[in-house]
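Biologist: I should like a close look at a single part of this model, explained for a first-year student. Please begin with one place in the chain and then follow its surroundings outwards, step by step.

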Amino acid sequence: MKTDIIKIGGTKDNSEAALVQLQAALSQSEKFAQYNGLKEKDTRRLRLIVEEALGMMKELAQDFTADFWIEGNEETCAVFIDASTDITSEKRSNLLAVSSEKKNILAKGVMGKIRSVFEAALLSYSESYSEMLLNYGVVADPFTMDQYGGFMPYYDNPMWSLRAYTEGIQDGADTDEQKKEAWDELEKSIIANIADDVQIGVMGDRVKMVIYRKNEGK
């Protein structure tokens with residue numbers, strides 16, 4: 001099943017427009033859950049994933065819009081956010097300024113890290129690849145994730161994966177302070193505890209983020 005595609009972005013506050021977007025996205029998650037007969041626990045966790053994803057995108061909302069939808073079945077769900085990289089030079093400059101001046105703040109916490117990587121891919125600026133490497137989680141060879149039901153799109157360039165990031169910081173977390181801090185953030189993160197993976201990659205002139213979760217079943 002694939003839900004309706006809705007537009008997100010364009011407002012950064014708690015205005016009526018922002019609330020309408022959130023309710024529209026949550027409505028799609030409810031429809032998905034009902035159609036696939038998901039358990040109450042799976043339904044709640046899908047709703048949390050949607051809330052976390054839209055909360056992250058809200059910080060960049062004034063700079064672009066993106067398509068949002070959910071795909072899957074009773075076994076697997078995939079939350080998609082598909083944004084165009086075709087932004088104006090003024091917006092690009094503004095985002096670059098935020099990235100350079102508040103880089104550490106933006107990357108704080110797991111969702112901050114994900115937002116930082118998504119933003120780097122969206123901007124397509126020269127430092128983006130090195131920044132993603134520093135954040136670990138880069139999968140050099142794009143691939144399809146059959147274990148997620150075949151919903152993984154093929155990316156043109158290396159992609160960032162939460163699973164790969166987790167594996168990258170797990171090694172040495174006992175001795176490396178930076179990795180220890182990152183590991184502590186992972187353990188406290190809602191998205192890291194309820195999603196099986198978060199993947200970010202570039203497909204032509206678009207940047208896609210896909211959040212996967214295996215359901216417990218009917």
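**From a loop to the core**

Modeller: D196 is found in the loop that joins helix 9 to strand 6 (197-203). The model under discussion is a predicted one. With a relative accessible area of 34%, D196 is partly exposed, because that value falls between the limits of 20% and 50%. Although D196 and R163 are 33 residues apart along the chain, their C-alpha atoms are separated by 7.5 Å.

R163 offers a passage to helix 7, which covers residues 162-170. Helix 7 packs against helix 8 (residues 177-188) at an angle of about 135 degrees, and their axes are 9 Å apart. An angle over 145 degrees would count as roughly antiparallel; helix 7 and helix 8 are therefore oblique to each other. Their crossing is left-handed. On the side of helix 7, the contact is formed by L162, Y165, T166, G168, I169 and Q170, while helix 8 contributes K179, A182, W183 and L186. Sorted by class, the residues of this contact are six nonpolar, three polar and one charged.

We now return to the loop and step back into the helix that precedes it. Helix 9 comprises residues 190-194, and I191 is one of its members. I191 has a relative accessibility of 0% and so counts as buried, whereas D196 is partly exposed. Apart from neighbours within four places in sequence, I191 is in contact with I49, E52, V110, M111, I114, V198 and I211. One of these partners, M111, is 80 residues away from I191 along the chain, yet the two C-alpha atoms are separated by 7.6 Å.

M111 belongs to helix 5, which spans residues 109-123. Its relative accessible area is 17%, and because the limit for a buried residue is under 20%, M111 is classed as buried. If neighbours within four places in sequence are set aside, M111 is in contact with E52, A53, M56 and I191. E52 is also among the contacts of I191. A second pair joins helix 5 with helix 9: the C-alpha atoms of M111 and A192 lie 9.0 Å apart, with their positions 81 residues apart along the chain.

Two other contacts of I191, namely I114 and V198, lead to M209, which is in contact with I114 and V198 as well. Further partners of M209, beyond neighbours within four places in sequence, include M56, M57, V79, F80, I81, F118, Q199 and I200. M209 has a prominent place in the largest nonpolar core: among its 43 residues, F68, I114 and M209 touch the most other members. A second core, separate from this one, has five residues, W69, F80, V210 and Y212 among them.

V79, a partner of M209, is also touched by I70. I70 is placed in strand 2 (residues 65-72) and is buried, at a relative accessible area of 0%. Besides V79, residues up to four places away being left out, I70 touches M1, K2, T3, Q28, S29, F32, L46, V50 and A78. M1 is 69 residues from I70 in sequence, but the distance between them is 8.1 Å, C-alpha to C-alpha.

Several residues touched by I70, including S29, F32, L46 and V50, also take part in the meeting of helix 1 with helix 2. Helix 1 (residues 16-36) and helix 2 (residues 40-58) have axes 10 Å apart and pack at an angle of about 155 degrees. This makes helix 1 roughly antiparallel to helix 2, and the crossing is right-handed. In helix 1, the contact residues are Q21, L22, A25, L26, S29, E30, F32 and A33; in helix 2, they are T43, L46, R47, V50, E51 and L54. By class, this contact contains eight nonpolar, three polar and three charged residues.

Finally, the whole chain provides the setting for this path. The chain contains nine helices and seven strands. Of its 218 residues, 50% are buried. Among contacts with a separation of 6 or more, 67% are between residues 24 or more positions apart. The contact of I191 with M111, whose positions are 80 residues apart, is an example of such a link.

How values were computed: Residues are numbered from 1 along each chain as its sequence is written. This is a predicted model: local features need pLDDT of at least 70, side-chain atom pairs count only at pLDDT 80 or more; totals for chains, interfaces and linings use all residues. Side-chain values use heavy atoms; hydrogens and water are left out. Axes are lines fitted to C-alpha atoms, for helices over the stretch in contact, and angles run from 0 to 180 degrees between N-to-C directions. Helices (H or I, at least four residues) and strands (E, at least two) are DSSP runs, numbered from the N terminus. Angles under 35 degrees count as roughly parallel, over 145 as roughly antiparallel, 65 to 115 as roughly perpendicular and the rest as oblique. A crossing is left-handed if the near helix is turned anticlockwise from the far one by less than a right angle, and right-handed if clockwise. Contact means heavy atoms within 4.5 Å. Ala, Val, Leu, Ile, Met, Phe, Trp, Tyr, Cys and Pro count as nonpolar, Asp, Glu, Lys and Arg as charged, and the others, Gly among them, as polar. A nonpolar core is a set of buried Ala, Val, Leu, Ile, Met, Phe, Trp, Tyr and Cys residues joined through side-chain atoms within 4.5 Å. Buried means under 20% relative accessible area, exposed over 50%, partly exposed in between (1.4 Å probe, protein chains only).
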